[in-house]
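Hi,

Here is the structure I said I'd pass along. Have a look at it first, and my notes are underneath.

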Amino acid sequence: MASSNSRIISLGMLLFIFVGFFLVVSAANFNQEFDITWGDGRGNILNNGELLTLSLDKFSGSGFQSKNEYLFGKIDMQLKLVPGNSAGTVTAYYLRSQGEAWDEIDFEFLGNLSGQPYTMHTNVYQHGKGDKEQQFHLWFDPTKDFHTYSVLWNPKRIIFSVDETPIREFKNLESIGVPFLKSNPLRIHSSLWNADQWATRGGLIKTDWTQAPFTASYRNFKADACVWSSGKPSCTKTSPPKGNWFLQELDLAAQQKLKLVQKNNMIYNYCTDTKRFPQGLPRECTVSNTY
């Protein structure tokens with residue numbers, strides 16, 4: 001009987017250790033995944049690596065970047081944005097490659113006067129060229145709680161999502177001559193900085209420094225992604241990535257959600273701005289349901 005009990009206890013301990021190990025390795029730790037890159041102490045990793053904060057005052061903002069670079073992946077981050085009168089501030093959260101001809105996938109959150117909605121700005125850069133902006137007003141207050149902002153990037157498409165609701169899709173249209181992000185590894189970056197020259201109503205509303213310091217918070221980072229190392233990605237034909245994100249596309253229900261968000265919350269779309277492109281809209285804008 002004692003031997004049987006011992007075996008049960010041992011199995012229980014092993015199960016406890018296994019579950020504990022799984023929980024540790026599956027939970028992102030900012031100390032392990034990111035470096036504070038600037039801000040002279042205004043960026044901080046707290047709660048044993050579970051929380052990261054960036055702050056902005058009259059003298060400086062702050063920023064961080066991931067230790068890893070990625071070539072394709074599903075990247076999730078929870079953010080809680082600067083509350084109150086945040087006019088003039090910008091919280092940028094994006095993936096970017098190195099070099100002059102860089103690739104980039106952008107979320108930017110433009111601050112506001114108290115009680116007014118944040119503007120969420122998205123963009124895609126290919127070989128250093130952007131001009132693919134779409135802007136939205138969020139359907140919730142992004143300063144009251146954390147919300148998940150995601151980028152799904154695979155060889156066929158880039159999908160921007162908020163709380164698992166798709167808001168934008170940028171497809172691979174190399175077949176009609178539109179460059180796509182597929183060869184440069186991207187590193188995750190974020191920064192909180194003063195942009196009152198342009199950010200709020202075109203720069204008409206300036207930053208109220210009596211409200212400083214301004215603070216944005218981050219938690220629950222997750223990357224199901226191909227890590228770039230020694231000049232190549234960790235995913236190969238013989239060692240494909242786990243999960244379905246590498247081949248994922250929008251099903252009918254997701255397409256309907258995207259259309260609804262774009263109908264109700266989009267406030268700017270470069271693909272409809274004929275004044276900006278008098279010689280004709282960008283090529284990808286002429287293909288139905290690609291942007």
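Below is what turned up when I went through it, starting with the strands and ending with the disulfides. One thing to keep in mind throughout is that this is a predicted model.

**Strand 9 and its neighbours**

I'd start with strand 9, which spans residues 147-154. How many of its eight residues are buried? Eight of the eight are, so the strand is mostly covered, with buried meaning under 20% relative accessible area. That goes for both faces. On one side sit His-147, Tyr-149, Val-151 and Trp-153, and on the other Thr-148, Ser-150, Leu-152 and Asn-154, all of them buried.

Strand 9 pairs with strand 4 and with strand 10. With strand 4 it runs antiparallel, and seven bridges join the two. If you want a place to look, Leu-79 has His-147 as its bridge partner in strand 9. Strand 9 and strand 10 are also antiparallel, joined by six bridges, and here Leu-152 has Ile-159 as its partner in strand 10. These two strands make a hairpin, with two residues between them.

**The core**

The largest nonpolar core has 58 residues. Which of them have the most contacts inside it? Those are Met-77, Phe-107, Met-120, Tyr-149, Trp-153, Ile-158 and Tyr-218. Strand 4 gives the most to this core, with seven residues. As background, nonpolar side chains tend to be buried together in soluble globular proteins. Two of the residues on that contact list, Tyr-149 and Trp-153, also belong to the covered strand 9 described above.

**Two threonine and asparagine spots**

Thr-91 is in strand 5 (residues 89-96), and its relative accessibility is 0%, so it counts as buried. Leaving aside residues up to four places away in sequence, Thr-91 touches Leu-79, Leu-81, Val-82, Phe-107, Glu-108, Phe-109, Ser-191, Leu-192, Ala-216 and Tyr-218. Phe-107 and Tyr-218 in that set will be familiar from the core, and Leu-79 from the bridge to His-147.

Asn-112 is one I'd like you to look at yourself. The UniProt record, an unreviewed entry, has a "glycosylation site" annotation covering Asn-112. The residue is in the loop between strand 6 (104-110) and strand 7 (119-125). Is Asn-112 buried or exposed in the model? It comes out buried, because its relative accessible area is 5% and the cut-off is under 20%. Its contacts, again not counting residues up to four places away in sequence, are Gly-84, Asn-85, Ser-86, Ala-87, Pro-117 and Tyr-118.

**Backbone oddities**

For context, most residues other than glycine have a negative phi, and most peptide bonds are trans. Three places go the other way:

- Ala-212 and Pro-213 are joined by a cis peptide bond, with omega about 0°. Pro-213 is in the loop between strand 12 (186-194) and strand 13 (214-229).
- Phe-72 has a positive phi, near 80°. It is found in strand 4 (residues 62-80) and is buried, with a relative accessible area of 9%.
- Asp-163 also has a positive phi, near 50°. It lies in the loop between strand 10 (157-162) and strand 11 (165-171) and is partly exposed, at 32% relative accessible area.

**Disulfides**

There are two disulfides in the structure, and counting bonded cysteines along the chain gives the pattern 1-2, 3-4.

Cys-226 and Cys-235 form one of them, with the sulfur atoms 2.0 Å apart. The angle about the S-S bond is -105°, and the link is left-handed. Cys-226 is buried at 2% relative accessible area, and Cys-235 counts as buried too, at 16%.

Cys-271 and Cys-285 form the other, with 1.8 Å between the sulfur atoms. The torsion about this S-S bond is about -70°, so the disulfide is left-handed. Both cysteines are in the segment after strand 15 (266-269), 14 residues apart. At 4% for Cys-271 and 10% for Cys-285, each counts as buried.

Shout if anything is unclear.

Cheers

Conventions:
Residues numbered from 1 in each chain as written. Predicted model: local features only at pLDDT ≥ 70, side-chain atom pairs only at ≥ 80, totals over all residues. Heavy atoms only, no water. Disulfide = S-S within 2.5 Å. Buried < 20%, exposed > 50% of the residue type's maximum accessible area, 1.4 Å probe, protein only. Helix = DSSP H or I, 4+ residues; strand = E, 2+ residues; numbered from the N terminus. Contact = heavy atoms within 4.5 Å. UniProt positions renumbered as here; feature names shortened; annotations may be inferred. Core = buried A, V, L, I, M, F, W, Y, C linked by side-chain atoms within 4.5 Å. Pairing = 2+ DSSP bridges.
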